[in-house]
Structures are given as C-alpha cells and as structure tokens.
Amino acid sequence: MTERPRRWRATLWLVTLIGAAYYPVLAGQYFFFRDPSRSIYPGFWFVRESLRNGESPTWNPRIGLGIPQLVESVSGLFYPPYALAYLLPLPQAATWIWLLHLIVGAIGAARLAARFDAGPSAAAVAGLAFGLSGIATSLWSLGAMLPAASYIPWVALGAFSLSDRIEDRWPRRLGGIARGAAPIALSLLVGEVFVTFIACGLALALVAIRGLPRARLLRTIAGQAVAGALALMVAAPAWLPAAAGVGRSERSAPPSAIVAETWSMHPLSTLDLAAPAALGEPYRSSPATPLVMDARQGTRGLQSYYLGASVLALALLGLGRERRQGILLTALALATLLLAYGRFTPVHGLFRSLVRPLAYMRYPEKYLLVVMIVVCILAARGVQRLLDDERPSPRLMLPLGALAIALGTTALAAPAAWRAMLIPPVLRAGALVLLVIGVLLARRRIGPGAIGVCVVVLVAVDLATAAWPAFAFGPADLVTEPPAAAHHLSKDARARGLTSRPRFVRDDRIDRLDDVPIRALEDFEQRAMGTLAPNTPITFGIDMVSGTSVALSPQLAALMKAGGDDPAAMLRLLGVDYYLQYTPRPEVIPPKGALEWLGDPLPRSRIFRVTQPLPRVYAVAHAEPMPARASWSALLAPAVVEGRRVLLGPRAAPLAGPDERAGSCALVRHGNTTVEAECTLQSPAVVVFVEQYDPGWTARLDGAPVPIEAANGIMRAVRCPPGQHRIALAYHAPHLGTALVMAVAGALLMLGALVVERRRPV
C-alpha cells in the first residue's frame, strides 16, 4: 500500500469515530457551556450583524462602554474559517466550526505520529488520543483554545517539512519555509498567541528528538525563525492593532504570580490522566475539592485531564521502540507536566522568568497540550511495536502490570473518605490496562490487521465514554431564546420610551456556586443564561456594561469596583438603565430610591431599574482637571453623577462655568464606528459622550476636525462654543492599514515560494 492510501485510511478512521462520538453536533445541537455561549456566539453574532448592516465590526459598542474589537485578539476577524459563522445558521455554525477544528487537529496528530514511523492503525490511535481526550473535550468550553490547539501538530509538521527541504536548492528551501509558516500564520490569526508560541517550541523539540545532524538542526532552527517572521507578516491584522491597544488594557504588563498561576494542575490530579474524574469533577464538591481546587485557584480551566488508561498503557509500550526517542519524548512530557503544575512547584515561576514572552501567559494548564501531543506520539509508537513484533516478549507486560498495580495501590493508600470517589475510576482504568495486556497476548493468535482494529476500537470506546459526561450539548434555543429577564428588561424599556438600546450591569456574585445547588454542568449554564451571563444580552438587544473581554478598559473596572458597595451613583454615571444584583436574602424587600425593584428572575438575583441615569450625550458648563492621583470615588460626587460637572485629564484646561448643563444634546446617529450628535448650547461647553474613550476615535465639529479628550476617566468629550452644532465621531483601528499591507505582502511571498517550488522542484 502506498503512502497516500495508508494516510487516507487513518483519516477515515478518525472522521468516522470522532463523528460518531460527537453525534449531537451532527444532530444539530449546540455546545453551550461557558465560553461558547458567553463569548464565541455573541462575538460571531456581533460581527455577522455588523456586516449585514454594512458597518465595520472593528469597534463593538455593545460591551463595556464600547471596546476595540481587534484588541480582543481571539475575535478572529481575519481568520478565514470563521467566515462559515457569517454564512451558516447561528449558533450551530459555531459548534460545527469547533468540531471541524477538532477533526483537523486529530488528523494532524495522526500525520505527526506517521513522522515517527506509525502505520495507519497506529496513526489513527494518535489521532483519537488527540480528538477524544479529556483535554481536547475540555477545550470546547475555553474560547478559541480548541481552534488554536488544532494547529499544534500542524506547526510541528510544518517544521518537519522545512527540515526535509532545508539542505536542498533554494526553490525547495523557500517552499519549506512557506510550509513551515502557513500553520503558524493560521494559528496566530485564531488569536491565542501563547498556544502558537508553545506549538513552535514543541515543533523544534520534536524535530530535534527525531534525530538530525547538528548542522541540519541549526539550519532548521534558522529556517523556522524565518518562517515565523513570514507568519507574523501574514497574521499582522490579528496582532498589530491588538498590540497597539493592549498597552491600555490590564494585559500591558506581565500578570502577578497569583494571576498567572490560576488554573494550575494539582500534582495529585496526575491520577486523572489515567482515571477520569478520580479526584472529583469541576463544579461539584468532593472530598478532594479543598485540596486540589482551593479558593485561590478556583475551579479548573480544563474540566478533564483524562488522556486514556488504554492510551497511557500503549504509550508505555512505545518507550521501548527506538529507546533514545522514547526517553527524550518522555522527558519532554514530564518537563511540561511540571510546568502545568504551576504554583505547586517552583518550576513554572523559574520558567516564566527565563522565557519572557510566556511571562504574560495565564493558566499553566495550557502546557498539558504538549503532554497530550507527546502521549499521542508515544501511544502510536506502542501500537506500531505491538503490530511489528511477531512474538511479543513477556517483558512488554511488565510496565503494563506496573501501571495496573500503581493504580490499585493509589486507591488503597488514599484516605478512607476518598475511596468511594476513587475506586470506580481506578477500577475502570485497571480494567482497560488489562484489556491492552489481553490484546498483547492475543497477538500470537490473530494477525496484525485484526489487532490494529481491536486497538483502535478499544481506544475510541475508552476515550469516548469518558468524554460523554463532559458534553454540554443542547438545542440552539438555549442561547437564542431570550430568558425571562431579557423579556422583562425589554418590556420595561419600551414602556419607558428608551430610544437607545438599554444598558445593563450584572453583579458577577450571582454565579456563586455555594448558594444554589448545581447538579450538572447544564444546570450551571442554564442558571447563568437565565441571569443574563456576561456578553449574552447583546444578542437580545441589550448592551452590557459589565461584559467580559480583554479589551475592556481597566479604568472602567476600577470605577465599577469603587462603586460596588453602593452602586447607584456608579450606575447613573455610566448611563446604565438596569442592574441585576446578587441577593443572598430575597425575603428582604428593598426600599425605593435610585434603584427601583422590578422583580427576581431567578433565586439570589434581583432586577432593578436605575432612575435618572446620565444620557448618552450631554453638555456641561463646568469642567476641571482630575488630579492624577485622585481616587475613583471622586467621580461619584453628586455634581459629576448628575451631569453638572465633568472631570477631564490631569493636564486639561478647565472650563470655569457654573455647575450646570450648558444646553441640550441629542444623538442623531449611533453606529459601530460613527456617532453623531446635535447640540444647542447657551455657553461654552464640554460635550460628553458616555462612550469608551480610545485614541482611535476622531471628532469633527461642524465638519472641522477637533480634538477628543478623556472625560470622567473613561468617556469621550469635545469642547464646543455657544450655538447650534453637529458633532461627528469616527473610529479607525490603529495600524490596521499597515497590518493589511503586511498581510497581503506576506501572503504573496508565501504563495510565490510554493509556486516556485512546484515549478522548480530540484
């Protein structure tokens, strides 16, 4: 059988088995847990609606007081596969795109295993170990992590292609650089830059482990650096505008160790690699919860660490095949496992200090992606060893027996209170290891073809049955049907005659799990959706000031924190119309005041109408500079909250009018990147737009350009003389034009290199 049919055979295995495991997607259901419902679907919805309305999606006025969408790098505005979300029905398209990436990543893992001499069955096991592992299943709920992770094996394959061509003539060498650059560029366009960085490091490590002469390895590293530079050019629209804006966000400096090491894998959770949920499941209390998921860490990012007991057993078999490679692969897996432990060992802190780009990365659990890829390769090597050895040595059973004994000993040595939790998954893992031993013994009686089928089916059943409990699939109306709270707000907004989309703030304490019993992940998510989880209200016609995005202004967060104890003033200042508050004692009826009680949508939550919020645009006669070290509480003074005074930047010129409005203003247009207002002013005034300030915004007063100032720490302001005026604001994403030129030039270079290679292959 030639190489191409062998390759397609493994691909057919993967598509069939992964498709069967994810049958809810094929049935039209939607994965709605955590980020897909709160970030991915609202993001796709916003871009889709903007394009349909002929508006630019580079500025999103629906979250915060507006955010630069390109700073939200994981929005993937320029990532080609996301175009499916703008063409196919939402929200199902988001789930289809994620499944497509999962299959692409699994095929990449299979092709990568073939680089380590795996045949079709062995490569199929590697692909299944990627696509159905607990880690990959968990990535569904983590934003753009799944699309980014799907490129990790392809980045490694690109490095291998580059290595194959690096010593040939320049046409092939250029083609190798282009092949190395393409998956890096696509990974960068997804927006998870740290996953891309990890993928590049893993690629070079695997090329080195595969075994190259020193001179060729050095040339490969140099070629990979050139490929990375070319990929940066192609992906410039995803990172250049983001880099310009991230300096004004909380991501401008490396996070503290406490923040960076959130979602660290507890060393005891290593057992979960072989026994699913051995130490309990996220969002459910267990005897191990106080130890492995304490208050500092919170819950885990990855719902499951399970790599498969059968897969690990096969990986142990793979250690003895070409022993040098096995040892180096194992060392790589153990080193990255130590990094995944995060705060529980000093290794992660030392690594962050040495590799500066990764000092900005959060969540050490991401390093488990490397562990997963290495285990995939080792498992494929183990399957191939099983198929190639006509008479397997009895010594092959020793590591498998040791694994089974280790699992049983762990369960027996655990505290008595843990045993009821540990024994079922440990027994399951032990049974799977024994099945692998049975396949090993049966090798003498049946041919390698039947053995290959048995191993593939065993791994698929092992991983799929462990993954199914983590699937949070449901009908699309779970996210498209407005909950009762959204209906309540919209009805009240119409009754009040609001001409703009209502603004809404949600108290995040509503998501506390210790107050409301949660029986399953679906219960948690349905409660969150019922209380208008972050970002979800924008799809129901409600703007959310308290959304979630890396592009949110840290000044806005500081102001909301300053007004958290008595939120009425803060809500009025931000022009908020409705507030959903955490209410631990729902039997207490709140008194009437600045917040008017409208109802309780779900237990522990209460909706309030905000009385007399600031209008979206207003004019004041008195402005003064805000001292550089002034507390955010200065903005909550009555004159500022009532719109009779405005605080400008520390170096701004004051306006010495009385503490009162200077006239009337009204919005006449409010698009994504254009805002227009008409004002009638009796005196010199500062016109304040209760919208997020950003240097990308420019202003024209009656057609003439005028400067925009920062007002009240976070808003936009324009100075105007007395009289009738029209003010027009427009947004242009910084450096976007330069980034597009770089992308076109990089893409032409890449395509040109591939064309030259094809026409002049030698």
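**Close-up views of two open sheets**

**View A. A mixed sheet of 5 strands.** This open sheet has the strand order 6-5-7-9-8, with mixed pairing. Strand 6 (543-544) and strand 8 (595-599) are at the edges and have a single partner strand each, so one side of each lacks a neighbour in the sheet. Strands and helices are DSSP runs numbered from the N terminus: E over at least two residues for strands, H or I over at least four for helices. Two strands pair if DSSP finds at least two bridges between them.

The model is predicted: local features need pLDDT of at least 70, side-chain atom pairs count only at pLDDT 80 or more, and totals for chains, interfaces and linings use all residues. Residues are numbered from 1 along each chain as its sequence is written, and side-chain values use heavy atoms, without hydrogens and water.

**View B. Strands 8 and 9.** Strand 8 runs antiparallel to strand 9 (residues 605-610), and 4 bridges join them. Trp597 has Phe608 in strand 9 as its bridge partner.

**View C. Helix 24 on the sheet.** Helix 24 (residues 484-496) lies across strand 5 (503-506), strand 7 (578-582), strand 8 and strand 9. Its angle to strand 9 is about 15°. Contact means heavy atoms within 4.5 Å. Axes are lines fitted to C-alpha atoms, for helices over the stretch in contact; angles run from 0 to 180 degrees between N-to-C directions.

**View D. An antiparallel sheet of 5 strands.** This open sheet has the order 13-14-20-16-17, with antiparallel pairing. Strand 13 (663-670) and strand 17 (704-706) are the edge strands, and each pairs on one side only. From one strand to the next, the twist averages 25°.

**View E. Strands 16 and 20.** Strand 16 (residues 697-701) and strand 20 (residues 723-731) run antiparallel, joined by 5 bridges. Opposite Arg700 stands Ala728 in strand 20.
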